[in-house]
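Student: I have a structure open and would like to understand the words people use for it. Could we go through them together?

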Amino acid sequence: PTSHVVEIPANASAITANLTVTGQTAAGYVSLTPTPTDTPGSSTLNFPLGDNRANNVTIALAPDGTLAAVYKAPAGKHTALILDVTGYFTAGGGQTYIPISSVRMLDSRSALGAPHAFVAGSSQSIPIAGTTITPPGGSPFVPVPANASAITANLTVTGQTKAGYVTLSPTPIVGAPTTSTLNFPTGDNRANGLTIALDPLGEVAAVYTAASGATTQLILDVTGYYTTTGGRLFHPLNPGRRVDTRVPAGIDGFGNGLSGAVGLTPRSVVVAGHDAVPSGASAITGNLTITGQTGAGFVALTDTAVSQPVTSTINFPLGDNRANGITAALGTGGDAGKLWFIYQLTAGKHVQLILDITGYFE
């Protein structure tokens, strides 16, 4: 057998990756930062005890090409970490990015993008680039053109009959996968953001690893794509907190950083022009964390006010602090530079949101 090694060049300024935690001896969170710190101002992955959990990251590297991690939990506790790198950025070069309003391109529950549920151990291809989508009540369109080389998206699992994990890959997976994208137990709708290359046919492949005969439903909401021309370049930032709804005056202390729990009414925050994100930015990368939810549900992050979103960003049960890495388009026109949030559940329920920004596209 031969080995296949992909080298991250020395001039890489940032990476996209999937961070997985396992073997933790206490609940807590992990923060990834470009340089070491034991007092991080942001978080990357929140988790309880006894749960293998993953989160998508897009994060700057230190000048020497390194990345730092710290586990915040009671003294003496420890955890194992796994980092699967999916791409990298170089300053001023490489593929350019075009953000889009989130669009659903796979929902195996309705045979969108896949004819049936995913069966454990069977790799299944999902058409993306050049694929025509007809949204509910809308007209057919092609959200990702045929010349796209990679996408950003949000993968959600539901209806799984066994605990396991899903791996997305640019090409069909033969045998046991060596990386993972989304880890989950039974009975938990769970999501994870991702950045992934497309194969020459414009497809990605997915495989569910679990006990023989197990099945699961998968949902994929695409938020943007990479192409050789016409897009924006990525600019990494040291992680910075833009939203913490637990802070009464907003994170900036002047009441314009989104304060107070979020419910069924769409609420927005201006991102462009804050925390080193310039006014001309078209999209951001970051980490969205939920806490203090009064019911299970999901939060959708959109670039306009949407009262009934058809895509989701982060799914969660009651009593679980949970995070998801995002790549999200910012609003235009009257919503210029804004992100919108809505919590989908029954009336009267609410959730606290935290948003840490790790970079922007301009």
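**Cores, surfaces and loops**

Tutor: Happily! This is a predicted model. Let us begin inside: the largest nonpolar core has 32 residues, and those touching the most other members are Ile128, Val144, Ile151 and Leu220. At least two residues of this core come from each of β7 (96-107), β10 (150-158), β11 (164-169), β12 (182-184), β13 (190-197), β14 (203-209) and β15 (215-227). Apart from it lies another core, of 27 residues, including Ala281, Ile284, Phe316 and Leu353.

Student: What makes a set of residues a nonpolar core?

Tutor: Its members must be buried residues of nonpolar kinds such as Val, Leu and Ile, joined through side-chain atoms within 4.5 Å. Ile128, Val144, Ile151 and Leu220 belong to such a set.

Student: Which residues does Val144 touch, beyond those up to four places away in sequence?

Tutor: Val144 touches Met105, Ile128, Ala129, Gly130, Thr131, Ile151, Val222 and Tyr225. To be called a contact, heavy atoms must be within 4.5 Å.

Student: Thr131 is on that list. Why is Thr131 called buried?

Tutor: Buried means under 20% relative accessible area. Thr131 has 19%, so it counts as buried. Thr131 sits in the loop between β9 (124-127) and β10. Setting aside residues up to four places away in sequence, Thr131 touches Met105, Phe141, Val142, Pro143 and Val144.

Student: And how do you know whether Thr227 is buried or exposed?

Tutor: Use the cut-off again: under 20% is buried. The relative accessible area of Thr227 is 2%, so Thr227 is buried. Thr227 is part of strand β15, and its contacts outside four places in sequence are Gln95, Thr96, Ile98, Asn147 and Ser149.

Student: What about Ala276, why is it called exposed?

Tutor: Exposed means over 50%. Ala276 has a relative accessible area of 57%, so the word exposed applies. You will find Ala276 in the loop between β17 and β18.

Student: Asp275 is in that loop too, between β17 and β18 (283-291). Why is Asp275 called partly exposed?

Tutor: Partly exposed covers what falls between the 20% and 50% cut-offs. Asp275 has 38%, so it is partly exposed. Asp275 also has a phi near 50°, a positive value in a residue other than glycine. Ala276 has a positive phi as well, near 70°, and is likewise not glycine.

Student: What makes Lys77 partly exposed?

Tutor: Its relative accessible area is 40%, which lies between the two cut-offs, so Lys77 is partly exposed. Lys77 lies in the loop between β5 (68-72) and β6 (80-90). Leaving out neighbours within four places in sequence, Lys77 is in contact with Thr25, Ala26 and Tyr71. Its C-alpha is 28 Å from that of Thr16, which is 61 residues away along the chain.

Student: How do you know that Ser307 is partly exposed?

Tutor: Its value is 46%, again between 20% and 50%, so Ser307 is partly exposed. Ser307 belongs to the loop between β19 (297-302) and β20 (314-316). The C-alpha atoms of Ser307 and Ile342 are separated by 7.3 Å, with their positions 35 residues apart along the chain. Beyond residues up to four places away, Ser307 touches Pro266, Ile342 and Gln344.

Student: Now the whole chain. How many helices and strands does it have?

Tutor: The protein chain has 0 helices and 23 strands.

Student: Why is the chain said to be as compact as a globular protein of that length?

Tutor: Set the value against the rule: for 362 residues the globule rule gives 21 Å, and the radius of gyration is 19 Å. The two are close, so the chain is as compact as a globular protein of that length. Its C-alpha trace spans about 55 × 55 × 50 Å along the principal axes.

Student: What share of the residues counts as buried?

Tutor: That share is 52% of the 362 residues. The chain exposes about 14,800 Å², with 56% of that supplied by carbon and sulfur atoms.

Student: And which side chains carry charge here?

Tutor: Lys and Arg count as positive, Asp and Glu as negative. The chain has 15 positive and 18 negative side chains, and the centres of the two sets are 10 Å apart.

Notes. Residues are numbered from 1 along each chain as its sequence is written. This is a predicted model: local features need pLDDT of at least 70, side-chain atom pairs count only at pLDDT 80 or more; totals for chains, interfaces and linings use all residues. Side-chain values use heavy atoms; hydrogens and water are left out. Helices (H or I, at least four residues) and strands (E, at least two) are DSSP runs, numbered from the N terminus. The radius of gyration is taken over C-alpha atoms; the globule rule is 2.2 Å times the number of residues to the power 0.38. Buried means under 20% relative accessible area, exposed over 50%, partly exposed in between (1.4 Å probe, protein chains only). Accessible areas come from the Shrake-Rupley method with a 1.4 Å probe; for residues, only the protein chains shown count as cover. The place of a charge is taken as NZ of Lys, CZ of Arg, CG of Asp or CD of Glu.
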